[in-house]
Amino acid sequence: MLRTPARCYHFISHRTIRAALGDRPRRDVRWIPARPGTVCAEIGSGGGFYTAELARRLGPQSLLVALDPAAADTPHEPPAAPGARIAYIAGDGCALPFATASLDALLYSYSLEEMPDARAALTEAERVLRPGGQVVLFLWRPVLHARRATSVLALCRERFEVVRAERGMQNLRLACRKP
């Protein structure tokens with residue numbers, strides 16, 4: 001599947017457009033558990049629509065890694081309020097550059113459907129999460145419905161315990177815990 005070009009991130013991350021589709025960063029990042037010292041990765045951080053708000057949620061003792069293939073090409077705004085340290089790195093969601101069992105949480109915010117192999121991406125998520133860690137997936141329903149919604153849900157259920165699910169008009173949101 002083709003990836004969204006880096007030059008499009010500014011447009012698709014525009015707050016008005018995203019709000020019209022039902023996305024609200026302050027509310028949405030509550031899907032990620034926040035405890036002091038949390039190590040979290042945002043996979044497919046793109047234009048940073050969730051990054052600053054997620055850093056605020058995690059708090060100053062935590063680390064947020066914003067991973068995107070186009071990390072070097074995308075402008076990054078520093079968070080306006082104190083929060084987690086943010087590291088921006090270029091990387092592939094199907095080959096995560098993290099040690100096994102090194103992360104507490106992962107957020108795939110509308111990025112899993114852009115990856116060529118959802119199975120490889122979720123296998124990597126399982127590998128890098130600590131036991132009890134959480135993966136949160138925000139997925140575009142029109143894209144998934146047309147291509148592979150059932151397989152993504154089945155893949156999640158194979159590897160994780162689904163602890164929360166919501167279906168919106170335009171999206172599907174899942175929170176899954178690694179046993």
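Which charged end sits over the ring of Trp31? The points below address this and the aromatic residues around it.

1. The model is predicted. In this model, the charged end of Arg164 is placed over the ring of Trp31, at 3.7 Å from the ring centre. Trp31 itself is buried, with a relative accessibility of 6%.

2. The structure contains four aromatic pairs. In one of them, Trp31 is partnered with Phe138: the ring centres are 6.0 Å apart and the planes meet at 85°, so the arrangement is edge-to-face. An angle over 60 degrees is what places a pair in that class.

3. Trp31 belongs to the loop between α3 (25-28) and β1 (39-43), whereas Phe138 belongs to strand β5 (residues 129-140); the pair therefore ties together parts that lie 107 residues apart in sequence.

4. Phe138 has a relative accessible area of 1% and therefore counts as buried, the cut-off being under 20%. A charged group is also found over this ring: the charged end of Arg173 sits 4.3 Å from the centre of the Phe138 ring.

5. Phe49 and Tyr50 form another edge-to-face pair, because their planes stand at 85°, with ring centres 4.9 Å apart. Both Phe49 and Tyr50 are buried.

6. The residues discussed above come together in one aromatic cluster, which is formed by Trp31, Phe49, Tyr50, Tyr110 and Phe138. Within this cluster, the ring of Trp31 carries the charged end of Arg164 over it, and the ring of Phe138 carries that of Arg173.

Technical notes:
Residues are numbered from 1 along each chain as its sequence is written. This is a predicted model: local features need pLDDT of at least 70, side-chain atom pairs count only at pLDDT 80 or more; totals for chains, interfaces and linings use all residues. Side-chain values use heavy atoms; hydrogens and water are left out. Rings of Phe, Tyr and Trp (its six-membered ring) pair if their centres lie within 6.5 Å; planes under 30 degrees apart count as stacked, over 60 as edge-to-face and the rest as tilted. Helices (H or I, at least four residues) and strands (E, at least two) are DSSP runs, numbered from the N terminus. Buried means under 20% relative accessible area, exposed over 50%, partly exposed in between (1.4 Å probe, protein chains only). A charge sits over a ring if NZ of Lys or CZ of Arg is within 6 Å of the ring centre and within 35 degrees of the ring normal.
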